Amino acid sequence: MDGTATEQLSMTAAELSFLLASGGWPGETPRLLGLTDADRTDAVLSAGVGSLLLRHLAAPVDGSRLELAPAVAAVAAGLHRPRGFVQVGLTAEDHADGALLLDAERIRVLVAARAYRCYDISPIAPGADACEPLLAIADRFLHRHRPALATFTASPMADFARGVQPARATLSASADGTWRVVTRDGTETTAEDFDAAAAVMRDELGRMLSMAPARS
């Protein structure tokens with residue numbers, strides 16, 4: 001199964017911290033990305049902008065103003081004030097991974113943490129089904145590391161900021177080849193293959209993604 005995310009970038013924590021700081025109040029996005037107050041110091045932000053300039057992902061214009069490369073500008077728009085998110089956590093006996101989908105309505109980005117405090121970031125094409133890249137990530141991990149579990153959590157950002165527990169659903173692969181989906185309401189569905197389980201989870205993810213309120 002292939003996802004629909006395009007224009008993947010690899011960025012450092014310092015670069016992301018600078019992009020978040022440049023958009024004013026960053027809200028809950030840094031916490032979801034695993035960034036802390038230490039990532040907002042002047043030294044880190046200076047390292048971030050320096051790295052963007054060195055990699056030609058930004059350029060100075062009109063003195064002190066920066067112009068971001070189009071792909072980086074799209075990432076920044078997705079990071080700033082998303083209306084909601086879906087996070088997938090992947091766990092097996094000796095492995096763990098995950099990804100975060102930020103939904104900023106017109107811009108959606110998929111973020112996956114990598115080694116050395118780097119992140120792979122993929123804007124999702126307008127009109128594309130945001131469920132597909134999430135399921136593609138789960139597909140690869142569950143087939144490779146079974147028995148394994150994919151846990152999907154989702155919330156409007158305003159609810160998350162208030163401490164409301166995100167909605168949760170799981171997709172698991174057992175050692176004997178069976179698959180199980182547990183939806184938000186606790187309903188369990190057993191399937192004989194990934195495609196059948198993914199169809200159930202796709203519907204559930206569609207409902208979870210729709211929880212984010214539309215902007216007026």
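Trainee: How much surface does the protein chain expose, and what share of it do carbon and sulfur atoms supply?
Mentor: In this predicted model, the exposed area of the protein chain is about 10,800 Å². Carbon and sulfur atoms supply 53% of that area.

Trainee: And what percentage of the residues is buried?
Mentor: Of the 216 residues in the protein chain, 49% are buried.

Trainee: What about the charges, how far apart are the mean positions of the positive and negative ones?
Mentor: The chain carries 20 positive and 27 negative charges, and their mean positions are 5 Å apart.

Trainee: Let us turn to the overall form. What does the C-alpha trace span along its principal axes?
Mentor: The trace spans about 60 × 40 × 30 Å.

Trainee: How does the radius of gyration stand against that of a compact globule?
Mentor: The two agree, because a compact globule with 216 residues would have a radius of gyration near 17 Å and the protein chain has 18 Å.

Trainee: Which helices and strands should I expect, in numbers?
Mentor: The protein chain has seven helices and eleven strands. As for its contacts with a separation of 6 or more, 58% are between residues 24 or more positions apart.

Trainee: How many aromatic pairs does the structure hold?
Mentor: It holds two aromatic pairs. One of them is formed by Phe85 and Phe160, edge-to-face, at 5.1 Å centre to centre and with 75° between the planes.

Trainee: Where in the chain do Phe85 and Phe160 lie?
Mentor: Phe85 is in strand β4 (residues 84–92) and Phe160 is in helix α6 (residues 157–161). They are 75 residues apart, and the pair links distant parts of the chain.

Trainee: Is each of these rings on a buried or an exposed residue?
Mentor: Phe85 is buried, at a relative accessible area of 3%. Phe160 also counts as buried because its relative accessibility is 14%, and the cut-off for buried is under 20%.

Trainee: Why is the pair of Trp179 and Phe194 called edge-to-face?
Mentor: The planes of Trp179 and Phe194 are at 70°, with ring centres 5.3 Å apart, so the pair is edge-to-face; planes over 60 degrees apart count as such. Trp179 belongs to strand β10 (residues 179–182) and Phe194 to helix α7 (residues 194–209), so the pair ties together parts 15 residues apart in sequence. Both Trp179 and Phe194 are buried.

Trainee: One last residue, Thr170. Which strand is Thr170 in, and is it buried or exposed?
Mentor: Thr170 lies in strand β9 (residues 167–173). Thr170 is buried, with a relative accessible area of 10%.

Trainee: Which residues does Thr170 touch, leaving out those up to four places away in sequence?
Mentor: Thr170 touches Leu149, Ala150, Thr151, Arg180, Val181, Val182 and Met201.

How values were computed
Residues numbered from 1 in each chain as written. Predicted model: local features only at pLDDT ≥ 70, side-chain atom pairs only at ≥ 80, totals over all residues. Heavy atoms only, no water. Helix = DSSP H or I, 4+ residues; strand = E, 2+ residues; numbered from the N terminus. Rg over C-alpha atoms; globule rule 2.2 N^0.38 Å. Buried < 20%, exposed > 50% of the residue type's maximum accessible area, 1.4 Å probe, protein only. Contact = heavy atoms within 4.5 Å. Areas by Shrake-Rupley, 256 points an atom, 1.4 Å probe, with all protein chains shown as cover. Lys, Arg positive; Asp, Glu negative; His and termini not counted. Charge placed at Lys NZ, Arg CZ, Asp CG, Glu CD. Phe/Tyr/Trp six-rings, centres within 6.5 Å; stacked < 30°, edge-to-face > 60°.
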